[in-house]
Amino acid sequence: MPNDLPDMRASHEDRDRVVEALRVAGGDGRLSAEELETRVESALNARTLGELAALTTDLPTAPGTKEVLVIRQGGGKYVQDGRWPVPSRIELRTQLCRVTLDFTQAVITSNVLRIDADMVHGKLFIVSSPGMVIDTSGLNLTFSKLKIRSRDFAADARLHVELAGTLLHAKVVERRPRR
């Protein structure tokens with residue numbers, strides 16, 4: 001959630017993301033049942049991103065998530081979809097592999113996700129969600145292709161994905177969610 005835009009109106013997705021983070025914190029024992037109930041009610045009634053941010057400032061940035069998700073695979077498929085907690089960094093080390101990262105229902109608690117890729121003969125499919133921007137300027141491409149739609153690097157992006165690393169005979173494709 002952008003901390004630099006506290007007066008921006010919150011969306012239903014923003015509220016849902018904070019409620020999910022609060023529920024995870026409650027499940028981890030970081031919040032009492034009464035405090036969880038109070039904060040969830042405040043999140044559902046919040047009008048701005050600043051009001052939502054205040055509800056999670058004393059909690060870890062991504063409760064219940066790993067700092068780094070490491071994907072190492074040779075051949076086959078790797079799919080991350082549904083309600084999964086998005087870490088601040090993903091290490092992608094694949095060979096002859098098809099990887100799908102679906103962000104449509106993901107629990108996003110940070111503004112920036114860095115994906116460090118080392119892909120050989122593979123494909124990375126990113127199923128984007130509204131307000132998501134993908135920056136591929138850090139990629140070194142050798143006989144590889146990019147099909148990225150979200151190149152508008154708006155300052156108010158909900159999630160800024162930074163792709164960096166090396167692709168050899170690989171392809172990165174951004175897809176819109178199915179309706």
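Here are three short exercises, each with a worked solution, on a predicted model.

**Exercise 1.** Find what lies at each end of helix H1, residues 12–27.

*Solution.* Start with the helix itself: H1 has 16 residues and spans 22 Å from its first C-alpha to its last, close to the 22 Å expected at 1.5 Å a residue. Next, look at the N-terminal end, where Ser-11 acts as the cap, with a side-chain oxygen 3.3 Å from the backbone nitrogen of Glu-13. Finally, go to the other end: H1 is followed by Gly-29, which has a positive phi near 85°.

**Exercise 2.** Work out whether H1 and H2 are roughly parallel or antiparallel to each other.

*Solution.* First, see what H1 packs against: its buried residues, among them Val-18, Leu-22 and Ala-25, pack against helix H2 (33–45) and helix H3 (49–54). Now take the axes of H1 and H2, which come within 9 Å and cross at roughly 175°. Angles over 145 degrees count as roughly antiparallel, so H1 and H2 are roughly antiparallel to each other. To see the contact on screen, pick out residues including Val-18, Val-19 and Leu-22 of H1, and Leu-36, Val-40 and Leu-44 of H2.

**Exercise 3.** Identify the residues with the most contacts inside the largest nonpolar core, and follow one of them outward.

*Solution.* The largest nonpolar core has 29 residues, and Phe-103 and Leu-124 have the most contacts inside it. Strands S1, S3, S4, S5, S6, S7 and S9 each give two or more residues to this core. Then follow Leu-124: beyond its neighbours within four places in sequence, its contacts include Leu-92, Leu-101, Met-119 and Leu-163. To finish, locate the second, separate core of 13 residues, which includes Val-18, Ala-25, Leu-31 and Leu-55.

How values were computed:
Residues numbered from 1 in each chain as written. Predicted model: local features only at pLDDT ≥ 70, side-chain atom pairs only at ≥ 80, totals over all residues. Heavy atoms only, no water. Core = buried A, V, L, I, M, F, W, Y, C linked by side-chain atoms within 4.5 Å. Buried < 20%, exposed > 50% of the residue type's maximum accessible area, 1.4 Å probe, protein only. Helix = DSSP H or I, 4+ residues; strand = E, 2+ residues; numbered from the N terminus. Contact = heavy atoms within 4.5 Å. Expected span 1.5 Å × (residues − 1). Polar contact = N/O pair within 3.5 Å; in protein donor to acceptor, adjacent residues only side chain to side chain. Axes fitted to C-alpha atoms, helices over the stretch in contact; angles between N-to-C directions. Parallel < 35°, antiparallel > 145°, perpendicular 65-115°, else oblique.
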